[in-house]
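These are my notebook entries from an afternoon with one protein model. I wrote down what I looked up, in the order in which I looked.

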Amino acid sequence: MKRIIAGLSLFVASARAGTVLWSGIFNSSATVANFDKWSWSNQIPPYQWYIHGSGPTSEYLALSPSYKNPADTSDAQGIKITIDGTAFWNGQTMERSEIIPQASASLGTGHLYYHFSLMTSTTNPPNPGFEHQIAFFESHFTEIKYGLISGEAGTTDNLLRWDVGGVTQWSTQLKAGNWYNFAYDIDFSGGTIGLWASSGSAPLTQVVAGVKGSPSTNSADWHIGQLRLPNGGTNAAPEDWYWSGIFVEQAPITTSIAGPQPGAGGGGGGGGTPTTTPAPPKTTTTTPPKSTTKPPTTSSAPPTSASSKPVTTSSTAPGPTQTHYGQCGGNGWTGPTVCASPYTCTVVSGPYYSQCL
Ligand SMILES: *[C@@H]1O[C@H](CO)[C@@H](O)[C@H](O)[C@H]1NC(C)=O
């Protein structure tokens, strides 16, 4: 009887949680080498990986059970994302290391929660003299930022802030070693964005109710990672940010930091996971990348001045349109295929990738 009740309450708890539309949760088999298997001609979930510098992937990404929020028992590992003096992508002057959902579901309709947890350390801490754009969408309708914002007075700013359309709605002093848990509360139909947040193992609570904004995404432009603006200077010192609990769900929200599949990650913090022999990593040689794998050379450069000016989507076209540099076609593409005026959808990489240019 007791067991039945326990089972029932478990069922009720899981039935109450939202449906996960895309999961970036890392199980114990996840490896950094998997990121390199993704390409424009081999768009495998869960992550796109093309916005990074010229070094090997292992210079910018690392997975470990010690890189996740210990209260998150869905992830077996967290990811360390690094930017450094080589992290220039595509000839840009910004340091960038970003992973992006490779999703099959639409991540831009209805009422969704975009979840992630963040931590920094006293080792390779972020430089407060530079503007960092974190967990942002290409149109920058909402994002986390850190550091001295472009145009801000002074030389450093230790604020971790949450913006809607370039206007800060919530902020806190960034403390090394503290896990910050967030969920963007995005009502794509109602045009509002709110924030749920907590620290450490505390469940998420709503810290800002939905504010009016212009939420939109092509389901492949949520940039999880760091973009650091040069702010007129340079500093090649590496910066590490730790991430876990990354997933997108439909309302209602999962507030527990244990995540969408509590216990799946194997024992909250790493102890006691039975070591079953992991499947041998697939040899990369079996899937040679097609010769057309080069990423589009001009794709998705966010405007350098995105920080200050909210993107204006004033004239609302019927149906979603893609923004400048956004993807508008290619094999398996399910996002918008119409470009915002005056851009046209242009084939950039054979059948694999078309872009609004
Ligand atoms: C681990 O995660 C990957 C990527 O999400 C998935 O393809 C794989 O099947 C998972 N492995 C196990 C053992 O669950």
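**Entry 1: a strand and its two faces**

Which residues of β8 lie on one side, which on the other, and are they buried or exposed? I kept in mind that the model is predicted. On one side I found Thr142, Ile144 and Tyr146, on the other Glu143 and Lys145, and every one of them is buried, which leaves both faces of β8 covered. The pattern agrees with a rule I had noted earlier, that side chains in a regular strand alternate between the two faces of the sheet. Since five of the five residues of strand β8, which runs over residues 142-146, are buried, I wrote that the strand is largely enclosed by the rest of the structure.

**Entry 2: the partners of β8**

Next I looked up which strands pair with β8. Strand β7, residues 132-137, pairs with β8 in the antiparallel sense over three bridges, and strand β9, residues 159-164, also runs antiparallel to β8 and is joined to β8 by five bridges. Tyrosine 146 turned up in both pairings, for tyrosine 146 is the bridge partner of histidine 132 and also has leucine 160 in β9 as a bridge partner. In the hairpin of β7 and β8 I counted four residues between the strands, and there histidine 140 takes a positive phi near 60 degrees.

**Entry 3: charged pairs**

Side chains of opposite charge can pair when their charged atoms come close. I therefore looked up how many salt bridges there are, and the count comes to seven. One of them joins the side chains of aspartate 163 and lysine 145, with N and O 3.9 Å apart. Because aspartate 163 belongs to strand β9 and lysine 145 to strand β8, this pair ties together parts that lie 18 residues apart in sequence. Both aspartate 163 and lysine 145 are buried.

I then followed arginine 161, which forms a salt bridge with glutamate 152, the closest N and O atoms being 3.7 Å apart. Arginine 161 counts as buried because its relative accessibility is 11%, and buried means under 20%. Glutamate 152, at 28% relative accessibility, counts as partly exposed.

A third pair is arginine 228 with glutamate 239, where the closest N and O atoms are 2.7 Å apart. Arginine 228 lies in strand β14, residues 222-228, and glutamate 239 in strand β15, so the pair ties together parts eleven residues apart in sequence. Arginine 228 and glutamate 239 are both buried, and together with Glu95 they are linked in a network of salt bridges.

**Entry 4: a buried charge without a salt bridge**

What is the nearest side chain of opposite charge to aspartate 240, and how far away is it? I found lysine 80 at 4.0 Å, and I noted that aspartate 240 is buried yet has no salt bridge. Aspartate 240 sits in strand β15, residues 239-250. Its side chain does make a polar contact of 2.8 Å with the side chain of threonine 82. When I left aside the neighbours within four places in sequence, aspartate 240 was in contact with Lys80, Ile81, Thr82, Thr120, Thr123 and Asn124.

**Entry 5: a residue in a loop**

I went back to the loop between β8 and β9, where asparagine 158 is placed. Asparagine 158 is partly exposed, with a relative accessible area of 27%. Proline 128 is 30 residues away from asparagine 158 in sequence, although the two are 5.4 Å apart in space, C-alpha to C-alpha. Not counting residues up to four places away in sequence, asparagine 158 touches Pro128, Tyr146, Thr172, Gln173 and Leu174, and its side chain reaches the backbone oxygen of leucine 174 at 2.9 Å.

**Entry 6: the whole protein**

Last, I looked up the overall picture, and I recorded three helices and 18 strands. The protein has 357 residues, of which buried residues make up 48%. The largest nonpolar core holds 48 residues, and the members that touch the most others are Tyr114, Phe116, Phe182, Tyr184, Trp222 and Trp243. Apart from that core lies another, of seven residues, including Tyr50, Trp89, Ile100 and Tyr353. Among contacts between residues at least 6 apart in sequence, 66% join residues at least 24 apart.

Notes. Residues are numbered from 1 along each chain as its sequence is written. This is a predicted model: local features need pLDDT of at least 70, side-chain atom pairs count only at pLDDT 80 or more; totals for chains, interfaces and linings use all residues. Side-chain values use heavy atoms; hydrogens and water are left out. Helices (H or I, at least four residues) and strands (E, at least two) are DSSP runs, numbered from the N terminus. Buried means under 20% relative accessible area, exposed over 50%, partly exposed in between (1.4 Å probe, protein chains only). Lys and Arg count as positive and Asp and Glu as negative; His and the chain ends are not counted. A polar contact is a pair of N or O atoms within 3.5 Å; within protein, one must be able to donate a hydrogen and the other to accept it, and residues adjacent in sequence count only if both atoms are side-chain atoms. Contact means heavy atoms within 4.5 Å. A nonpolar core is a set of buried Ala, Val, Leu, Ile, Met, Phe, Trp, Tyr and Cys residues joined through side-chain atoms within 4.5 Å. Two strands pair if DSSP finds at least two bridges between them.
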